[in-house]
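Welcome! Please take a moment to look over the sequence and the model, and then let us walk through a few of its features together.

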Amino acid sequence: MDKNYQIHRLANGMRLIHRQVKTTKLAHCGVVLNVGSRDETLEQQGIAHFWEHMAFKGTNKRKTYHILNSIDSVGGELNAYTSKEKITFYTSTLVEHFEKSVDILSDLTFNSNFPEKEIEKERSVILEEMSMYKDDPTDAIGDEFDEIIFPNHPLGRNILGTVDSVNSFQQKDFFDFLEQNVDTHQVVISSISNLPFEKVVKLVEKYFGGVKEAKKDRKREIFTGYKPQFIEKYKPINSAHVMIGSDAFEMHHPKRLTFFLLTNLLGGPAMNSRLNLGIREKYGYVYDISAGSTSYLDSGQFSIYFATEDKSLNKCLKLVHGELSKLREKKLGVQQLRSVKQQIMGQIAMSGESNLSIMLGMGKALLDKEKFETIEEVFQQIKAISAEDLLEVANEMFAEERMSTLIYHPKLKSQA
């Protein structure tokens with residue numbers, strides 16, 4: 001680990017990871033909890049995300065207004081998000097307001113009191129959020145594709161929950177979920193600012209040190225038994241929307257980075273990706289086409305997404321499988337391999353310019369890997385990947401018989 005990253009463990013098991021950047025005037029701080037939607041029971045679907053909302057709605061010593069106003073009033077940002085495996089609360093402020101940030105983050109994470117009136121108000125907000133996602137085929141198809149890749153498993157469930165589950169939650173349900181899942185040994189406070197490590201440790205101890213230690217013997221349900229599926233549905237939309245993909249490598253798999261490089265070549269954010277050049281630029285069949293992968297602690301997911309006119313759908317499907325076939329059959333040349341590596345290293349370096357992104361990544365990495373790899377360490381791993389490695393992974397992961405497909409066809413007026 002880079003010497004610029006320092007770690008401190010509190011008596012209650014929480015850890016602080018801090019990076020001092022002397023040139024910045026901003027302080028970024030986050031609390032990352034190793035709790036997410038996959039830790040919910042079937043009846044609790046959506047409660048992790050609902051808790052993230054409710055954390056801002058009152059604590060034992062602050063009302064909603066005081067929480068929201070505390071950071072906004074000094075020109076800062078207070079925000080949060082929920083994923084399948086993590087809940088994160090974070091702030092960005094001028095460095096002179098860092099103590100206020102630490103105080104607020106500790107309070108809303110560990111002292112929320114979930115006022116019943118606020119639960120009712122926020123329930124309506126979340127139900128509206130669910131409706132918005134369902135109305136957007138781009139979001140809806142992604143959620144449904146999760147269910148196809150991870151059927152009957154928590155990783156396949158919608159983070160927002162269901163209408164029935166969201167309508168059912170009462171104050172006690174939030175306290176129960178926290179009691180069942182929050183383990184102080186699985187909480188990381190992550191920080192980047194120009195403050196020295198000793199100062200940050202002192203403030204974190206002041207506001208987080210008094211949190212009671214909690215240890216949980218929680219075991220996440222492991223996903224196994226992926227089976228490819230081909231599903232077509234008709235929706236009241238104007239274009240066909242498509243997702244193609246499969247399960248993928250878990251976070252600690254030795255081939256994960258090779259697959260990440262391969263996926264970036266296939267359909268990453270750059271305009272020269274194989275899918276973009278071969279389908280959008282050459283034929284104009286799509287406005288946007290992309291490929292990506294997500295790694296979890298014990299599994300992963302790979303997907304390709306595009307939307308097109310229904311009349312061009314079969315041509316697009318053939319072209320997508322053609323690009324996958326090329327990666328399986330033809331090894332990259334020396335110059336191609338060098339270019340692919342340079343591209344992804346440049347993308348990583350640009351993302352590393354954001355101290356906020358680094359801070360969030362530090363907290364997650366410490367929970368998942370017990371360390372935070374520097375850009376230089378990641379670059380060395382990328383440089384070690386060979387063309388043979390990419391070809392091997394392409395044949396393993398891009399085999400046509402592994403692929404699941406979900407298609408939303410536009411419903412004709414005569415079908416309505």
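What follows is a tour of helix packing, salt bridges and a few individual residues.

Before we begin, please keep in mind that this is a predicted model.

Let us start with helices that touch. Two packed helices are described by the angle between their axes and the distance between the axes. Our opening example is helix α1, which covers residues 47-54, together with helix α4, residues 116-135. Their axes lie 10 Å apart and make an angle of about 120 degrees. An angle of 65 to 115 degrees would count as roughly perpendicular and one over 145 as roughly antiparallel, so α1 and α4 are oblique to each other. Their crossing is right-handed. Which residues make the contact? On the α1 side they are His49, Phe50, His53 and Met54. On the α4 side you will find Glu118, Ile119, Glu122, Arg123, Val125, Ile126 and Glu129. Sorted by class, the residues of this contact comprise five nonpolar, two polar and four charged.

Now move along the chain to a second pair, α9 (256-267) and helix α12 (residues 334-351). Here the axes are again 10 Å apart, and the angle is about 95 degrees. That value falls within the range of 65 to 115 degrees, and α9 and α12 are therefore roughly perpendicular to each other. From α9, the residues Phe260, Leu261, Asn264 and Leu265 meet Val340, Lys341, Gln343, Ile344 and Gln347 of α12. This contact contains five nonpolar, three polar and one charged residues.

Helix α9 also has a part in the surroundings of helix α10, which spans residues 274-283. Which residues of α10 are buried? They are Leu275, Asn276, Gly278 and Ile279. These buried residues pack against α9, the strands β9 (286-295) and β10 (300-308), and α11 (313-329). After α10 comes Gly284, with a positive phi near 70 degrees.

Let us turn to charges. Side chains of opposite charge can pair when their charged atoms come close. How many salt bridges does the structure hold? There are 25, and we can visit several of them.

One joins Glu370 to Arg15, with 2.7 Å between the closest N and O atoms. Arg15 sits in strand β2 (residues 15-20), while Glu370 lies in the loop between α13 (355-369) and α14 (375-383), so the pair ties together parts that are 355 residues apart in sequence. Is Arg15 buried or exposed? With a relative accessible area of 5%, Arg15 is buried, because buried means under 20%. Its partner Glu370 has another feature to look for: a positive phi near 65 degrees, in a residue other than glycine.

A further salt bridge brings together the side chains of Asp39 and Arg220, at 2.8 Å from N to O. This pair also links distant parts of the chain, as the two residues are 181 apart. Asp39 belongs to the loop between β3 (26-33) and α1, and Arg220 to the loop between α8 (197-208) and β7 (230-235). Both Asp39 and Arg220 are buried.

The loop between α8 and β7 also contains Lys216, which pairs with Glu179 of helix α7 (residues 171-181), so parts 37 residues apart in sequence are tied together. In this salt bridge the distance from N to O is 3.3 Å. Glu179 is exposed, having a relative accessible area of 55%. Lys216, at 24%, counts as partly exposed.

Salt bridges can also be found joined up: Lys61, Arg62, Asp103 and Asp107 are linked in a network of them.

To finish, here are a couple of single residues to find in the view. Asn152 is in the loop between α5 (137-149) and α6 (163-168). Its phi is near 55 degrees, again a positive value in a residue other than glycine. Asn152 counts as exposed, at 80% relative accessibility.

Finally, return to helix α4 and look for Ser131. At 35% relative accessibility, Ser131 counts as partly exposed. How far apart are the C-alpha atoms of Ser131 and Leu337? They are separated by 44 Å, and the two residues are 206 apart along the chain.

Definitions and conventions
Residues numbered from 1 in each chain as written. Heavy atoms only, no water. Axes fitted to C-alpha atoms, helices over the stretch in contact; angles between N-to-C directions. Helix = DSSP H or I, 4+ residues; strand = E, 2+ residues; numbered from the N terminus. Parallel < 35°, antiparallel > 145°, perpendicular 65-115°, else oblique. Left-handed = near helix turned anticlockwise from the far one by under 90°. Contact = heavy atoms within 4.5 Å. Nonpolar A, V, L, I, M, F, W, Y, C, P; charged D, E, K, R; others polar. Salt bridge = Lys/Arg side-chain N within 4 Å of Asp/Glu carboxyl O. Buried < 20%, exposed > 50% of the residue type's maximum accessible area, 1.4 Å probe, protein only.
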